[in-house]
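Open your viewer and get a selection box ready. We will walk through a few stops together, one selection at a time.

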Amino acid sequence: MSLARWIWGVALVCASVCGWGKPLVVGSEQPLQALAPHLRILVDTQRSLTFPEVVGPQFSGQWQSIDGDGNNFGFSDAAYWVAVTLRNPTASPLGLIFRQDYPLIDHLDFWQPAGNGDWSHTATGDRRKFDSRPVNLRDFVFPVTVPANTTQTFYFRYQTAGSMNIGLSISSETTFLPQLAKEQLLLGIYYGGFLVLVVYNLFLFLAVRDRAYAFYMGYAICYGLYFGVHNGVSYQYLWPGNPWLANQSLVALLGLTLIFGIQFVRTVCAGPRLAPRTDVLARVLLYALFPLTAISPFVSYGPMILTLAILTLVLSILFMVMGVVSLLRGSVPARYFLVGWAALLVSVVVYMLKTFGLLPHNSITHNAFQVGALVEMVLLSLALGARVGEIQRHGYTDQLTTLFNRRYFDEQLPKEFAFTVRNGTSLALLIIDLDHFKMINDRLGHVRGDAALAAVGQLIRKQVRKPVVACRYGGEEFAILLPRTNREQAVEVAERLRQSVAGLNLKDISLTVSIGVAASEQDNYASAIQLFEAADGALYRAKHAGRNRVELAPLNPENGATQPAFVAATS
């Protein structure tokens with residue numbers, strides 16, 4: 001019986017080799033080499049063929065070579081039988097390593113000659129427990145030994161519900177180990193980068209309590225875990241005994257990544273305010289993703305990953321549109337977001353084309369998505385920093401006039417005064433009050449009154465330039481700090497502003513202003529408070545002298561310039 005089996009095995013080997021193309025010649029220091037040009041493929045559309053059948057003479061004429069690097073077949077229900085022939089012309093046995101570099105293969109079977117006419121069979125795949133693999137690694141690795149002066153054929157059978165990527169390579173053991181060490185280092189750096197970004201933004205979130213940081217962290221964590229599943233790292237280290245979780249976690253994590261991504265983009269690009277139409281579509285897709293993500297672990301893997309892949313592509317384009325609209329409407333964070341998202345969008349398109357079989361499976365197409373995602377994460381973190389600056393600016397900005405507010409003035413006045421004292425320069429302060437403003441509100445209403453304030457604010461913005469600090473001090477009062485400006489120059493600025501306000505054309509509203517001017521020169525004021533009181537006193541005198549005028553505080557506060565703190569009255 002054993003003799004008959006041995007003869008049958010020899011016949012199978014001879015039949016397969018005779019119907020074969022030119023074998024790949026391997027050497028003792030075999031470098032890493034992709035096997036796509038040397039593979040033969042037999043497509044089993046019914047998934048019913050057995051190993052003795054495919055190596056038998058009845059199928060010898062149905063094996064097909066792969067054109068170029070076309071080793072990616074997209075989503076397919078068929079089983080793919082793969083054969084490769086190796087020739088060892090040396091006088092010593094060669095220890096070699098087969099490697100399948102795409103770990104998301106449900107069932108992967110491997111046959112190699114056993115030396116006694118039989119075949120050694122290894123059944124593995126990510127639908128089987130992790131310890132079914134010959135080597136405890138995230139990719140599928142099959143050590144083989146090719147005897148001296150021998151030609152041998154090896155067989156693989158692929159079957160998966162996801163994208164069919166046949167990424168086989170061959171190398172010697174001495175070549176494989178340094179390559180593996182380098183890849184492990186790069187993976188550590190890659191996931192370490194994700195971890196650093198998450199921890200960094202966690203501290204920022206605790207400091208500023210902005211929900212955009214929470215969405216970013218959720219997005220980064222889910223994205224990092226998704227790539228852990230995609231690379232086989234999660235299956236190796238987190239749940240090696242749970243093939244169901246190894247497969248279904250991929251679709252659930254992708255859904256969660258998209259959910260957090262939508263919320264992050266809507267927040268950082270101010271979608272509801274700056275891009276409302278695009279934001280509506282984003283919310284519709286968000287609501288659709290909630291049930292899809294919830295049911296994803298419990299439905300068929302293939303249709304679900306295909307659906308989420310299409311949604312990923314649609315959302316990537318949608319987010320780009322939202323970023324462009326937000327940028328055109330003045331969003332500073334949108335600048336960083338657009339650069340980051342453009343990098344990701346290119347990588348997403350490359351990966352999707354590979355997933356659907358339109359691009360070959362290789363190191364570039366396989367890793368483009370991951371590299372693009374890390375670049376995007378870094379740039380999105382910069383977008384968050386810009387958002388904090390924008391939030392801070394909003395905290396210092398009067399929304400009606402778009403000038404700085406009282407809080408900002410109270411912080412800047414002592415700083416500018418200290419700079420003046422330290423450097424021996426001058427600092428002028430203008431305090432402006434709209435004349436009879438209460439009558440405008442009483443007669444025409446607060447809406448018209450707000451329009452008048454906004455018009456004055458816009459005029460001031462046009463009249464002054466940095467380093468001048470213009471603020472709405474409160475109500476109908478404005479304050480302007482003019483660094484390195486003496487008394488005479490400050491009076492000129494004040495008079496120009498007075499005339500410009502009087503010349504405003506607001507239909508049924510006539511506006512005039514009273515302005516008090518004070519300047520810190522030659523150490524004439526001991527503190528910022530004294531400078532403010534001097535300008536406020538000058539404003540008091542301007543209003544009591546008939547309004548619509550500029551009043552200058554005396555150079556020496558001891559000559560009566562210092563007045564009690566006073567809020568200008570409106571009559």
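Which residues does Ser169 touch, leaving aside those up to four places away in sequence? Select Ser169 and look around: the contacts are Leu32, Gln33, Ala34, Leu35, Ile97, Phe98 and Arg99. Ser169 belongs to strand S13, residues 168-172. With a relative accessible area of 11%, under the 20% cut-off, Ser169 counts as buried.

Before moving on, colour by pLDDT, since this is a predicted model. The chain has a mean pLDDT of 84, and 89% of its residues reach 70 or more. Two stretches deserve caution: over residues 1-20 pLDDT stays under 50, and the model has 19 contacts beyond four places in sequence for them. Over residues 560-571 pLDDT also stays under 50, with 34 such contacts in the model.

Next, show strands S14 to S18. These five strands make an open sheet with mixed pairing, ordered S15-S16-S14-S17-S18. At the edges stand S15 (469-474) and S18 (550-552); each has a single partner strand, so one side of each has no neighbour in the sheet. On average, neighbouring strands here are turned by 20 degrees against each other, direction ignored.

Now zoom in on S15 and its partner S16, residues 477-483: the two run antiparallel and are joined by five bridges. Select Cys471 and you will find Ala479 of S16 opposite.

For the last stop, add helix H14, residues 446-463, which packs on the sheet and touches S14 (427-434), S15 and S16. The direction of H14 makes about 5 degrees with that of S16.

Key
Residues numbered from 1 in each chain as written. Predicted model: local features only at pLDDT ≥ 70, side-chain atom pairs only at ≥ 80, totals over all residues. Heavy atoms only, no water. Helix = DSSP H or I, 4+ residues; strand = E, 2+ residues; numbered from the N terminus. Buried < 20%, exposed > 50% of the residue type's maximum accessible area, 1.4 Å probe, protein only. Contact = heavy atoms within 4.5 Å. Pairing = 2+ DSSP bridges. Axes fitted to C-alpha atoms, helices over the stretch in contact; angles between N-to-C directions. pLDDT = per-residue confidence, 0-100.
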